[in-house]
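Reader: I have a model to go through. Let us talk about its charged pairs.

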Amino acid sequence: MSTAVRRRVGVPVWEVTRPARPGRVPGVVLAGLRDRGPAPVDHRLDPHPVLTLALACGEAALGIDESTGRQHRGSLVTGLGFGVGGAARVRAANVEWMQVRLSPAIARAVLGVDPAELESSVVALGDLWGERRASRLCERLAQAASWEERFALVEAFLARLSAAGPAIEPELAWAWDRIVAGHGQVRVEGLADELGWSRKRLWSRFHAQLGLPPKRAVRLVRFDWAATRLAGGQEAARVAADCGYADQSHLHRDVVAFTGVTPATVAGQSLISTADLAWVDHVPRLSAPWGNAPTSRFDGHDRPSSVWLPVDRKPD
């Protein structure tokens, strides 16, 4: 869930709190958000290359409204790519909530469903975990004395789920991490070649276990990186060149397709606050260095010598 919002008279809409120490659950990024008030929050929800849990930490509920008129309130889960085209809005007032970003590589273990079932959708957390489990967790979050206590509570909960849940193929976890590490500037064909797989095999397994086709994953990750830099004040021409777009027109088409607005509009909006841009851009990975690729594929002299794949500058 990427929050692209305007400041109110120079003050960020959300106050963001991040854990003081590195997380202990791979593939998870946590943040606590509090509405700064006094006016209700109402802003566009842009797509993000993660699945997101919005956990209520009090009585006030976060809301998401779709362009169809359908409304969602309470603790929610958004799938990969939810909000494409600027078709969803976040609405809230006097709310505290925890945002849990899940790598699609760990989502199936944590949520109990395949990420593909949640692509571009939003569902109530109780529909996935059961009302009792979801309500109990949110009650404990509301009773916690600090954000650090809340972070520890959620991390322990997610650690138990991820340890007991099904794991995806290690080659696919590596492929996802490679896409994220390269900010979407990779060739799908190159990923398949380095894995020793055919393109068809990579496409089918990636889609089935991660929730979207690999080319769409590349495009979504690249857009997210470009949108963060636009909101941070960088010029569109520079963003297009640095983020692997063929030209500025290519960037323009991609931004409009994902957000429903132009790059100039994105550049005029604030992603939380300047101090939190690093958090906004943080897409969770399962492994930090790319060298943690599956040893079954990359051992001895078979390990590829190059670290980054060639930049794909062809328009999508």
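Author: Start with a definition: buried means under 20% relative accessible area, exposed means over 50%, and partly exposed lies in between. Keep in mind that this is a predicted model.

Reader: Is D114 buried, partly exposed or exposed, and which class fits its relative accessible area?
Author: D114 has a relative accessible area of 27%. Buried needs under 20%, and exposed needs over 50%. The value lies in between, so D114 is partly exposed.

Reader: Which residue forms a salt bridge with D114?
Author: Side chains of opposite charge can pair when their charged atoms come close. Here the closest N and O atoms are 3.7 Å apart, and the cut-off is within 4 Å. The partner of D114 is R108.

Reader: Which helices hold R229 and D242?
Author: R229 and D242 form a salt bridge, with the closest N and O atoms 3.0 Å apart. The pair ties together parts that are 13 residues apart in sequence, because R229 lies in helix α8 and D242 in helix α9.

Reader: Of R229 and D242, which is buried and which is partly exposed?
Author: D242 has 36% relative accessibility, so D242 counts as partly exposed. R229 has a relative accessible area of 11%. That is under 20%, so the buried residue is R229.

Reader: How far apart are N and O in the salt bridge of D46 and R44?
Author: D46 is buried, and R44 is buried too. Their side chains meet in a salt bridge. The N to O distance is 2.5 Å.

Reader: How many salt bridges does the count come to?
Author: The rule asks for a side-chain nitrogen of Lys or Arg within 4 Å of a carboxyl oxygen of Asp or Glu. By this rule, the count is 18.

How values were computed: Residues are numbered from 1 along each chain as its sequence is written. This is a predicted model: local features need pLDDT of at least 70, side-chain atom pairs count only at pLDDT 80 or more; totals for chains, interfaces and linings use all residues. Side-chain values use heavy atoms; hydrogens and water are left out. Buried means under 20% relative accessible area, exposed over 50%, partly exposed in between (1.4 Å probe, protein chains only). Helices (H or I, at least four residues) and strands (E, at least two) are DSSP runs, numbered from the N terminus.
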